[in-house]
Amino acid sequence: MTNRKYENVQEAEDVGFRYTPDHFYFNQPGKSYVTDMAHYQRLYDESIADPELFFDQMAREFLHWDKPYTKVKWGSLEKGDIAWFLNGELNACYNCVDRHAFQTPDKSAIIFEADDEKENRIITFSELLREVSKVAGVLRSWGVQKGDTVGIYLPMIPEAIIAMLAVVRIGAIHSVVFAGFSAASLKDRVVDAGCKVVLTCDEGRRGGKTIHMKNIVDEGLNGVDSVSKILVFQRTGNANIPMTSGRDYWWSEETAKQRSYLPPVPCNAEDPLFLLYTSGSTGSPKGVVHSTGGYLLGAAITTRYVFDIHPEDVLFTAGDVGWITGHTYALYGPLSLGTPTIIFESTPAYPDYGRYWRIIERYKATHFYVAPTALRLIKKSGESEISKYDISSLRMLGSVGEPISPELWEWYHEKIGNKDCVVCDTMWQTESGSHLIAPLAGAVPTKPGSATVPFFGVDTCIIDPVTGMELKGNDVVGVLAVKSPWPSMARSIWKDHNRYVETYLKPYPGYYFTGDGAGRDHDGYYWIRGRVDDVVNVSGHRLSTSEIEACISDDEYVSEAAVVGIADDLTGQAVIAFVCLRDPDLNAGCGDIETSMGGDATPPDFHRELVLQVRREIGPFASPKAIIIIKELPKTRSGKIMRRVLRKIVSNEADQLGDLSTLSNAEAVPDIMDAVKQQFFSKLAH
């Protein structure tokens with residue numbers, strides 16, 4: 001493997017990369033399952049050349065089957081009729097709980113770090129089996145049958161995982177709704193999924209605050225006749241929680257009536273395991289459908305090989321089961337391997353910024369998996385807390401949710417990993433089920449900012465978005481696609497398979513379209529450039545918005561920036577930058593940035609200076625047409641900037657914003673509209 005450095009920014013930009021490190025980070029092989037790059041390449045080549053043989057071996061090794069499958073793989077991306085492990089039967093709960101409870105009953109399964117550290121608890125595999133069986137018994141006694149859907153609206157507490165496992169134990173389908181969603185968003189998802197039962201709790205706790213969960217459920221389910229029963233866990237024990245007679249039942253009272261063991265129900269490998277809703281740019285949220293066999297195998301083998309998880313390891317995934325990260329890497333991945341999983345109810349800043357590090361020190365966590373959003377917060381406000389704790393047990397640091405910048409990657413490696421830990425930047429999606437592109441810890445040398453190489457069976461490629469043709473070789477930039485099915489990919493959208501085909505399989509026939517822009521560098525490593533609609537094409541130059549954002553954010557007065565592209569008669573697209581300032585007080589009255597800052601706080605022409613900075617760092621073609629100062633960027637609850645909202649507003653399409661249910665700060669949208677009106681449209685009018 002060779003490495004070279006681009007001579008200058010323009011040379012890198014010509015092939016789509018702003019950042020190219022001077023070196024690889026070589027992982028220490030140690031006891032890794034995959035020992036080095038050559039070993040990875042051999043296994044990867046086998047998985048692509050003969051996926052049926054490769055995944056047959058994997059399925060036999062990693063999963064317990066009640067009935068053997070008769071065919072490993074069937075269908076194609078062209079037809080949209082993908083299936084794996086046909087006619088095979090298994091139960092996901094048995095694979096995650098029973099077989100480990102029988103072999104290692106006293107081993108920790110769930111390590112619960114509560115909002116209040118005095119309420120922490122550990123649940124063993126044998127205890128987990130008993131609790132899951134009891135909840136499953138309640139559901140069965142209520143008439144929930146194989147194939148029914150069950151809604152789960154719970155905070156990140158053990159009962160959320162218990163509920164999910166109880167649902168799949170009886171062959172039903174869980175639909176988890178993130179506990180931060182509003183009543184209206186909950187209602188939309190429960191109604192679309194057709195849930196018969198909902199599991200929730202009296203109240204939640206997060207960051208020292210109380211969330212009135214049951215009240216939200218009552219409001220959301222008002223008038224929803226399909227839900228016949230609600231099971232309520234007493235998280236805080238508030239005696240004043242309203243309970244509707246004949247519909248609402250206390251968790252503790254109902255589970256006390258059930259046996260401690262309920263046999264699992266065998267399910268076909270292609271039976272739906274769960275629904276998970278994602279927001280679309282228009283229309284209602286999409287209920288992504290994942291299968292039982294293929295998804296579970298993907299969760300197990302990516303956890304094993306990407307993270308290099310061993311029996312004695314402890315995985316801390318700082319993600320919520322309301323999102324796919326919590327599904328795959330807080331529940332199904334680690335528990336299918338019999339690995340203890342740390343679940344975290346609180347925030348990284350409560351009661352102080354040492355919270356993550358106390359958790360790692362307390363439980364000797366070996367693996368830490370977190371989003372760059374949280375790392376940026378700690379880097380900015382809580383870096384001094386790191387040295388107070390012994391986090392030397394860590395071997396692997398994971399990044400999830402969005403591309404991690406090279407600078408943040410380096411900081412993560414140095415400050416958290418003490419330069420001894422592998423950093424795994426993972427690229428995947430709700431729809432992929434498990435990792436698509438990620439380095440295998442201990443085997444694949446890493447580069448700061450690069451997701452590196454595809455996982456087994458994921459036949460990735462780069463497509464030219466103009467011609468629709470696959471771009472061969474290295475040093476290419478385009479859109480990321482996959483050329484053949486892999487086991488954990490979503491099978492459909494709930495009650496709308498045509499939408500699934502149109503969204504993922506039709507844009508480039510014969511390929512699965514990820515929706516992400518990406519580049520493949522001179523070493524064959526992949527660099528994710530964000531959503532395709534976050535790539536701006538200005539006068540034939542394809543620009544990643546993240547590159548322009550990074551350039552603008554380097555300014556001493558800027559705290560955050562988001563860049564979008566809008567239609568332009570002259571250049572095809574024009575760059576529009578939304579900027580938040582470091583001093584919140586300066587964001588007030590942001591119609592006139594120089595006036596609002598006052599005195600000598602900034603250069604005489606702040607806008608002009610930012611434009612010149614982009615011209616200097618990237619090139620004249622990347623210059624923003626407008627820089628709009630706003631108070632805060634619209635973000636999802638997982639911390640992602642919702643750029644499509646900005647794009648619609650500045651394109652004068654605010655009446656087409658689509659689904660905003662995943663926004664954590666929907667109240668910011670009217671302020672952004674006002675800022676665009678004052679700072680952009682008014683100038684166009686003149």
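Start by selecting K495, which sits in the loop between strand 24 (492-493) and helix 15. Helices (H or I, at least four residues) and strands (E, at least two) are DSSP runs, numbered from the N terminus. This is a predicted model, in which local features need pLDDT of at least 70 and side-chain atom pairs count only at pLDDT 80 or more, while totals for chains, interfaces and linings use all residues. Residues are numbered from 1 along each chain as its sequence is written, and side-chain values use heavy atoms, with hydrogens and water left out.

**Two residues with positive phi**

Stay on K495. Its phi is positive, about 65°, although K495 is not a glycine. Most residues other than glycine have a negative phi, and most peptide bonds are trans. K495 counts as exposed because its relative accessible area is 63%; buried means under 20% relative accessible area, exposed over 50%, and partly exposed in between (1.4 Å probe, protein chains only).

Next select N652, in the loop between helix 19 and helix 20 (668-685). N652 also is not a glycine and has a positive phi of about 65°. With 60% relative accessibility, N652 is exposed.

**A cis peptide bond**

Select Y350 and P351. The peptide bond that joins them is cis, with omega about -5°. P351 belongs to the loop between strand 17 (341-344) and helix 12 (355-363).

**The whole chain**

Zoom out. The protein chain holds 20 helices and 31 strands. Of its 686 residues, 62% are buried. The accessible surface is about 25700 Å², and 49% of that surface belongs to carbon and sulfur atoms; the areas come from the Shrake-Rupley method with a 1.4 Å probe, and for residues only the protein chains shown count as cover. Among contacts (heavy atoms within 4.5 Å) with a separation of 6 or more, 70% are between residues 24 or more positions apart.

**Two buried residues**

Select Y511, in the loop between helix 15 (497-505) and strand 25 (512-520). Y511 counts as buried because its relative accessibility is 17%. Now add K483: the two C-alpha atoms are 4.9 Å apart, although Y511 and K483 are 28 residues apart in sequence. Leaving out residues up to four places away in sequence, Y511 touches a set of residues that includes L77, C461, I463, E470 and Y504.

T317 is the next stop, in strand 16 (residues 315-317). T317 has a relative accessible area of 0% and is therefore buried. Outside residues up to four places away in sequence, T317 touches T325, Y329, A330, I342 and Y369. From T317 to H367 the C-alpha distance is 8.0 Å, with their positions 50 residues apart in sequence.

**Helix 8**

Select residues 213-220. Within helix 8, the residues M213, K214, V217, D218 and G220 are buried. The buried residues of helix 8 pack against several elements, including helix 7 (183-193), strand 8 (197-201) and strand 11 (229-233).

**Salt bridges**

A salt bridge here is a side-chain nitrogen of Lys or Arg within 4 Å of a carboxyl oxygen of Asp or Glu. That rule gives a count of 34 salt bridges.

Select D98 and R169. Their side chains form a salt bridge, 2.7 Å from N to O. D98 is in helix 4 (residues 92-103) and R169 in helix 6 (residues 158-169), so this pair ties together parts 71 residues apart in sequence. D98 and R169 are both buried.

Then select E113 and R355, whose side chains meet in a salt bridge at 3.1 Å, N to O. Because E113 lies in strand 4 (residues 108-113) and R355 in helix 12, the pair ties together parts that are 242 residues apart in sequence. E113 is buried at 0% relative accessibility, and R355 is buried at 0% relative accessibility. Widen the selection to E113, E117, D352, R355, R358 and R362, which are linked in a network of salt bridges.

Another pair is K447 and D521, with their closest N and O atoms 2.7 Å apart in a salt bridge. K447 is in the loop between strand 20 (422-425) and strand 21 (460-463), and D521 in the loop between strand 25 and strand 26 (526-531), so far along the chain that the pair links distant parts, 74 residues apart. K447 and D521 are both buried.

**Last stop**

Finish with E632, located in the loop between strand 31 (624-629) and helix 19 (643-650). E632 is partly exposed, as its relative accessible area is 35%.
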